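Please look over the model below with attention to how its helices pack against one another. The notes that follow are meant to be read beside it.

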Amino acid sequence: MRIEQLTFTRFLAAVSVVVFHYGGKSFPFKNDSIAFIFRNADVCVSYFFILSGFVMIIAYGNKTIISAGDYLRNRMARIYPVYFLAILMMLLLQFREKNIDYSGLFLNIFMIQAWVPGKVLSLNPPGWSLSVELLFYAIFPFAFNTIFKKVTLRQIAVYIILFWLLTQVIFQLFFFLYDENQFTVVKDILKYNPLMHLNEFLVGNLAGLFFIKSLKEKKGNYDFIILILAALLILALKFPFGLNFHDGLLSVLFIPLIFFISLNDGIIMKLFRNRVFVFLGEISFGIYILQHPVYSLISAYSVNKYLHLNDPTIVFFIRLLILIVFSAVVYKYVEKPIQNKIKTLNKAVLPVKSESL
């Protein structure tokens, strides 16, 4: 099963993260009426984690068992080539500046930087989230084969919700009681450690299981409900009441939003399923993981030097356009060919396996 209209939401989330990192001084994002949205757009990473859990169930829910080897090979073929390209681009920049972070390079190559406080954002900062995703990929086949296929949905829901609540309490208490600037090691553990984000992937899994069991046939025009949920999300960012949304607290809004977008057959669905928008969603991983290398290599200074432009808004959108075009090229000539090659190899190996049995 594939839900096309969810794909474009990845693009919206990825671009929001780019604005969070690089667009704060640009129009319209610096406008006080909307600036708070993009100052908090890092919550989109939580959306990625939750959506990842949901999509994994949607994609594999009809299978009786998942081969851990095939699953990991397919997932790594999807993310690692572009992830590694981003590392090479940042290494080129560090080499040019004669300031190579060898320990960060090692951690990033093996996708373990999120486990090491102080090195979480080394080399290519957005890469920390892929270090988290690697944990998800490692546990998903086991969870699917031994729990999701053998335990009742009610029992699964109890355990996952309790785990989600526990992580929220730990996370919120720390940021409420302590100054994060004085406890940077603990902050890195709570904010970036993969175990602290496991709750987001698991609630996404739970949402996927519930969707398949009870919701997938309930299609309808949910445009108004989607707009209401989007408004509630904006209000939550505007009035956080001292809460930190970085660790999955907003799943209470993200999951209903995912449900209603998935079930919607209204105008929003038709818009999101547009071929151009779906393609933008497909290249969103490149936009996210390549943002730091592209914005670093094509600095505001270089735009000013070669194009004689210094307006922050124009400079930001030129770099954003370059990022989107570059991501599209990488998607077409790197991501897709490697994915297709892996699929071909898997199909070639399957008959051999069946004969050996």
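The briefing below treats two helix pairs and then one helix by itself.

This is a predicted model, in which local features need pLDDT of at least 70 and side-chain atom pairs count only at pLDDT 80 or more, while totals for chains, interfaces and linings use all residues. Residues are numbered from 1 along each chain as its sequence is written, and side-chain values use heavy atoms, with hydrogens and water left out. Helices are DSSP runs (H or I, at least four residues) numbered from the N terminus.

**Helix 1 and helix 3**
- The axes of helix 1 (residues 4–22) and helix 3 (residues 44–60), being lines fitted to C-alpha atoms over the stretch in contact, come within 9 Å and cross at roughly 155°, on a scale from 0 to 180 degrees between N-to-C directions.
- Helix 1 is therefore roughly antiparallel to helix 3, a term for angles over 145 degrees.
- Contact (heavy atoms within 4.5 Å) involves residues including Leu-6, Ala-13 and Val-17 of helix 1 and Tyr-47, Phe-48 and Leu-51 of helix 3.

**Helix 7 and helix 8**
- Helix 7 (residues 153–177) packs against helix 8 (residues 184–192) at an angle of about 145°, with the axes 10 Å apart.
- Ile-170, Phe-171, Phe-174 and Phe-175 of helix 7 meet Val-186, Lys-187, Leu-190 and Lys-191 of helix 8 in this contact.

**Helix 3 alone**
- Of the 17 residues of helix 3, 15 are buried, that is, under 20% relative accessible area with a 1.4 Å probe and protein chains only.
- The end C-alpha atoms of helix 3 are 24 Å apart, which agrees with the 24 Å that its 17 residues should span at 1.5 Å a residue, the expected span being 1.5 Å times one less than the number of residues.

Technical notes: Helix = DSSP H or I, 4+ residues; strand = E, 2+ residues; numbered from the N terminus. Parallel < 35°, antiparallel > 145°, perpendicular 65-115°, else oblique. Buried < 20%, exposed > 50% of the residue type's maximum accessible area, 1.4 Å probe, protein only.
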